Amino acid sequence: MTLDSPKEIYIDNAATTSMRKEVLDAMIPYFSENYGNPSSLYSIAQIARDAVDESRENVSNILNCRPSEIIFTSGGTESDNMAIIGVAKALKDTGNHLITTKIEHHAVIHAMEELESTGYKVSYLNVDEEGFINLEELESKINSNTSLISIMLANNETGTIQNLSEISKIAKNKAKQFEREIYIHTDAVQAAGKLDLDVKELGVDMMSLSGHKIKGPKGVGCLYIKKGIPIAPIILGGGQERQRRSGTENVPGIVGFSKALVLADNEKNTFNSHCKKLVEELRLNLKNIKYEYDIVTPTKNSLSNILNICFKGFEGEPILIGLDMDGIFASSGSACSSASLEPSHVLISMGIDPKLAIGSIRFSFSMENTLDEIQFLTNSLESVLSELSLLAQR
Ligand SMILES: Cc1ncc(COP(=O)(O)O)c(C=O)c1O
């Protein structure tokens, strides 16, 4: 923990990202001269309304949907809540069964638990040791009351990517068999800027996105809702966003979110090849350290920028503190659960021994990270682990 750090090394981009200058520049006029309320009638309001409309169009081009199918929200959590609680509420009398997985973000899991407490039935799908669901299990859980399936596109802790287009085919076939509609929601918060978000290719009816994971602003995101999907609003008030999400639009946030999404989506190939190199280098470097570890991120079908490693015989927190002292910022599991010492629900669901799971560190990279930083990280990790083992022996 005495290494001279060249600078701060931020490798927690799955928790949040720094905002791009172009995004900030695009937002600034909507905090100042273009401050109008998009719902008002006069000309400065029209400028704000045009900016929201243009942003909606930009987002819809990336998702391959209609602009009217995009609802701006306060981010991934609200979008997940809205998709799940909104559809469940609208379909309570015709289908009170929902399906999700055991490895979803808490924005999905807690929404599902809330529904369970009011009488809905929820099936939580198992995952294998790499975090993939079993498509046969999914098929077997769909019944004549199933109205909604919510499965994340990419996991925030391990980077595991689910096969949404297969999931959707299975669900739609079953829906035909039961002569009912089954809607598919995906949390694509971590997938944006890394994977294609074409909702038609993926076969999804709803998709959640968030600004701050893609070098955009915090507190803004969107939910794609396919035309015709019954959904009850969860935020009530002035009826903005076509009566679906009340509240005066966060104009600068919406402008920033759409700008960040356009840039991230355009640059995703460069991003993926850059991060792939960094992750490969780290995997290679780790082979030479003298401590035991398990990499829980799958080598195939995982995000390019996430590597989750469980260090045997160590706890994540002291490792993070040691890395922090060298100017390296990473996380143990997801940012929202890192305040608790409980092993991550994702890793436990993957069948990882809780004793190993508490030694998990998630590294998540961006274009700003370099190969030199990977070398520095490896050296720092070795020295932190060595100091922690010495302390444990005392
Ligand atoms: C997969 C996933 N879903 C949802 C969220 C919540 O997004 P937000 O922070 O925008 O509410 C996050 C953020 O940690 C996430 O990683």
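A residue counts as near a molecule if its C-beta atom, placed from the backbone, lies within 6 Å of it. The model examined here is predicted. Domain 1 (9-19 + 268-393) and domain 2 (21-266) both give residues to the shell around the ligand, so the ligand lies between them.

The shell was then examined by residue. Of its 17 residues, those that come nearest to the ligand are Gly-75, Gly-76, Thr-77, Asn-156 and Ser-210. Helix H3 (residues 76-90) supplies the largest share of the shell, with 3 residues. Sorted by class, 10 residues of the shell are polar, 5 are nonpolar and 2 are charged.

The two domains were considered next. The domain assignment splits the chain into domain 1 (9-19 + 268-393) and domain 2 (21-266). Their C-alpha centres lie 28 Å apart. The domains also touch: 28 residues of domain 1 are in contact with 30 residues of domain 2. On the side of domain 1 that touches domain 2, at least two residues each come from helix H9 (268-286), strand S10 (306-311) and helix H11 (345-349). The residues of this side divide into 16 polar, 10 nonpolar and 2 charged.

Two sheets were described. In general, strands of a sheet pair through backbone hydrogen bonds, and the pairing is either parallel or antiparallel. One open sheet has 3 strands, in the order S9-S10-S12, and its pairing is antiparallel. Its edge strands, each paired on one side only, are strand S9 (293-295) and strand S12 (360-364). From one strand to the next, the twist averages 25°. S9 and S10 run antiparallel and are joined by 3 bridges. Here Ile-295 stands opposite Ile-309 in S10.

The other open sheet has 7 strands. They follow the order S2-S8-S7-S6-S5-S3-S4, and the pairing is mixed. Strand S2 (70-73) and strand S4 (121-125) form the edges, each pairing on one side only. The twist of this sheet averages 20° from one strand to the next. Strand S3 (residues 97-101) runs parallel to S4, and 5 bridges join the two. Within this pair, Thr-100 stands opposite Tyr-124 in S4. A helix also packs on the sheet: helix H2 (residues 43-63) touches S2, strand S7 (206-210) and strand S8 (221-225). The direction of helix H2 makes about 120° with that of S2.

Methods
Residues numbered from 1 in each chain as written. Predicted model: local features only at pLDDT ≥ 70, side-chain atom pairs only at ≥ 80, totals over all residues. Helix = DSSP H or I, 4+ residues; strand = E, 2+ residues; numbered from the N terminus. Nonpolar A, V, L, I, M, F, W, Y, C, P; charged D, E, K, R; others polar. Domains from an automatic or database assignment. Contact = placed C-beta atoms within 7 Å. Pairing = 2+ DSSP bridges. Axes fitted to C-alpha atoms, helices over the stretch in contact; angles between N-to-C directions.
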